[in-house]
Amino acid sequence: MRVLLMGMYFTDQEKLANSSSLLPPLMKPAKNKSGGRGGAAPLPPGKTGWPVVGESLEFLSTGWKGHPEKFIFDRISKYSSHVFKTHLLGEKAAVFCGASGNKFLFSNENKLVQAWWPSSVDKVFPSSSQSSSKEEAIKMRKMLPNFLKPEALQRYVGIMDHIAQRHFADGWENKENVVVFPLTKNYTFWLACRLFVSVEDPNHVNKFAEPFNLLAAGLISIPVDLPGTPFNRAIKASNFIRKELVSIIKQRKIDLAEGKASPTQDILSHMLLTSDENGKFMTELDIADKILGLLIGGHDTASSACAFIVKYLAELPEIYQGVYNEQMEIANSKKPGELLNWDDIQKMKYSWNVACEVLRLAPPLQGAFREALTDFMFNGFSIPKGWKIYWSANSTHINPECFPDPKKFDPSRFEGSGPAPYTFVPFGGGPRMCPGKEYARLEILVFMHHLVKRFRWEKMIPDEKIVVNPMPVPAKGLPVRLYPHKA
Ligand code: HEM
C-alpha cells in the first residue's frame, strides 16, 4: 500500500526502513572532532557545504521534490544527533530537532534566541520590525495578538460565513470539476482583504492578488536582486502593495474622522485606534507593514491547509462522513439565511481535530529561524552567538516517538489532552507563536462547513505529486470532480 506522507509517497516497507534510523536517542556531548573551539564544548556535528550557498540548495530542493523532511531526517540519522550544524541561506546555522529542541527554542525567546528571517524577507519588507529596533519589534509583536484574539474575532464569524457563501457560489457551484488550490487561495485572500482592510469588491481584491502571489513566491528565495528573478519581482510587488495599503489607510483615517467608517469594522480600524502602553499610535507605514505581514502570514498558509483538507477528505471517506455529520447537524440547526456564529464554531470539535491532523501531516510552514543572542549550550554542543537556528515541524510531526504510527491519519490523536507538549507545532510555540492561529481556525472551519454541506468529491489525479515551495501544494493544484448533494 502506498501512503502519502508530507508530500512524499512511501511504501510501507520504505517507511519502516526509514523510521528505524530516523530517531536515535539524544546524544551525549560529542568528541571534539566537529569543529570544537579549543577546550570548549564542540560545535554540533554536520557540514557547512559549498562556500556561500552552503547546504541551501539541498534544503530548498528537498522541498521542491516534495519531501522537505528528508533534509532533516537524513542528517539526524547520519550524525546520530538531534542537533546538527549546516549553512543555510548565507548563514551559519544549527538545526534543532524533536520536542526538546522545540521546547528549548520556544522557552528561550528573547533570552538566548530571537526571531530571525532570511535576508530575502528583510529586503522585501524594508521597514518591517526586523530592521527597526528590537524593542520596537517586541512591542509590536505584543500588540498583534490583541487584534486577533478570540474576543476580537467573534464578530467576524458571520462575515466569514457570508464571504464563504459568495466564494462557493462563484467558484464551486454548478461546476463539474474544479482546481482546488487556486480556489482556496482566492477564499483566504478574499477573507483577509475584507477582514483586515474592508476591501470586498472582487475586482479590487483581484488587483492585489497577483502582486501577492509574486511576493509570496520570492519571499524565501536566494536574494539575487536582478531583473526577472523571483526576489526582484517580490520587492516590486511589495512596494506596490504597500503603496496601495498606505492610500487605503489615509482614506480610512478620513472616514473614521467623519464617522463614515466604524472603529470595529476590520483590523485596520483597530490598528489605527489602538495605542501602545505609552499612548503612542502606529505610523501609517508601520500599519501598512503589519497588514502586509498579516496578509502574507495568513494567506498561503491557510489556503494550503484548506487544499490539503480537500485532499485528505477525498482519500478518506470515513473521515469525510464524520465531518459531514457534524457540519450537517449545525447546518440543520440554523434558520434559513441565519449566519454561522461563535457557538457554532465551538461545536465543530471533530472537524477541528481533522484539520489538526492535516496540519500535522502537511504543515503549511515547515519551520522557522531564530538567531543566537549569546553563546549557549544545547545537548552538550556549543552554539555560538550570531548563529541561526532552525526548528522544523516535521522533526516531531512525523516522529514515531511523538506520534505513534505517524503516517496514519488519525484525528483521535487530538482528543482529550491531545499530543504531548512541543510535539504538535504547526503554529510554532512560545512568545512568537503564530498570532493568526485563532483566525486560521475560524476560516478553516467555515471553509469545511461550506464544502461538505454542498459536495462530495474525488481527486482527478490519484497520485498527484506534492511540491513544497515553501508551502506544500499539490503540483497540479488538486483538480477534483464534484458531486453536489441532492437537495
Ligand atoms: C494554517 C494557517 C497558519 C499556520 C500553519 C501558521 C503558522 C505560523 C508559524 C509556524 C509561524 C512562525 C512562528 C515562529 O517564528 O516560530 C507563524 C508566524 C506568523 N503568522 Fe501564522 N500561520 C497560519 C495562519 C496565519 C494567519 C491567518 C495569520 C494572520 C491573520 C498569521 C499571521 C502570522 C504572523 C504575523 C506571524 C509572524 C509572527 C512574528 O514574527 O512574531 N498566520 N505562523
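Two residues count as being in contact here if their C-beta atoms, placed from the backbone, lie within 7 Å. Keep that in mind for Met471, which touches Asp300, Thr301, Ser304 and Pro364 once residues up to four places away in sequence are set aside. This is a predicted model, so everything below is read off computed coordinates.

**Met471 and its neighbours**

Met471 sits in the loop between β12 (466-468) and β13. A loop residue could be buried or exposed, so which is Met471? Methionine 471 has 24 other C-beta atoms within 10 Å, and since 20 or more is the cut-off, it counts as buried. One of its partners, Asp300, is 171 residues away along the chain, yet the C-alpha atoms of the two are separated by 7.3 Å.

**The overall picture**

Stepping back, the protein has 18 helices and 14 strands. Of its 487 residues, 45% are buried. Take the contacts between residues at least 6 apart in sequence: 72% of them join residues at least 24 apart. The Met471 and Asp300 pair, 171 residues apart, shows what a long stretch of chain between two partners looks like.

**Around the ligand**

Which residues come nearest to the ligand? Out of 23 around it, they are Gly297, Gly298, Gly428, Cys434 and Gly436. Three helices, α6 (134-148), α13 (284-315) and α18 (437-454), each put at least two residues into this shell. α13 gives the most, with seven residues. By class, the shell holds 15 nonpolar, six polar and two charged residues.

**Two helix pairs**

α18 also packs against another helix, α16 (residues 349-361). Their axes are 10 Å apart and the angle is about 110°. Angles of 65 to 115 degrees count as roughly perpendicular, so that is the label for α16 and α18. The crossing is right-handed. On the α16 side you'll find Ser351, Trp352 and Ala355, and these meet Arg441, Ile444, Leu445 and Met448 of α18. That contact comprises five nonpolar residues, one polar and one charged.

The other pair is α8 (residues 157-171) with α9 (residues 180-197), whose axes come within 10 Å and cross at roughly 145°. This crossing is right-handed. From α8 the contact uses Ile159, Met160, Ile163, Ala164, His167 and Gly171, while α9 brings Leu183, Asn186, Tyr187, Trp190, Leu191, Arg194 and Leu195. Sorted by class, there are nine nonpolar, three polar and one charged residues in the contact of α8 with α9.

**Two backbone oddities**

Most residues other than glycine have a negative phi. Two residues here go the other way: Ser80 has a positive phi, and Leu478 has one too. Here they are side by side.

| Residue | Phi | Loop | C-beta atoms within 10 Å |
|---|---|---|---|
| Ser80 | near 50° | between α3 (69-79) and β3 (83-88) | 15 other |
| Leu478 | about 65° | between β13 (472-474) and β14 (479-484) | 25 other |

How do the surroundings of these two look, buried or partly exposed? Ser80, with 15 other C-beta atoms within 10 Å, is partly exposed. Leu478, with 25, is buried. Leu478 follows β13, and β13 is also the strand that comes after the loop holding Met471.

Notes: Residues are numbered from 1 along each chain as its sequence is written. This is a predicted model: local features need pLDDT of at least 70, side-chain atom pairs count only at pLDDT 80 or more; totals for chains, interfaces and linings use all residues. A residue is near a molecule or strand if its C-beta atom, placed from the backbone, lies within 6 Å of it. Helices (H or I, at least four residues) and strands (E, at least two) are DSSP runs, numbered from the N terminus. Ala, Val, Leu, Ile, Met, Phe, Trp, Tyr, Cys and Pro count as nonpolar, Asp, Glu, Lys and Arg as charged, and the others, Gly among them, as polar. Axes are lines fitted to C-alpha atoms, for helices over the stretch in contact, and angles run from 0 to 180 degrees between N-to-C directions. Angles under 35 degrees count as roughly parallel, over 145 as roughly antiparallel, 65 to 115 as roughly perpendicular and the rest as oblique. A crossing is left-handed if the near helix is turned anticlockwise from the far one by less than a right angle, and right-handed if clockwise. A residue is buried if 20 or more other C-beta atoms lie within 10 Å of its own, exposed if 12 or fewer, and partly exposed in between; C-beta atoms are placed from the backbone.
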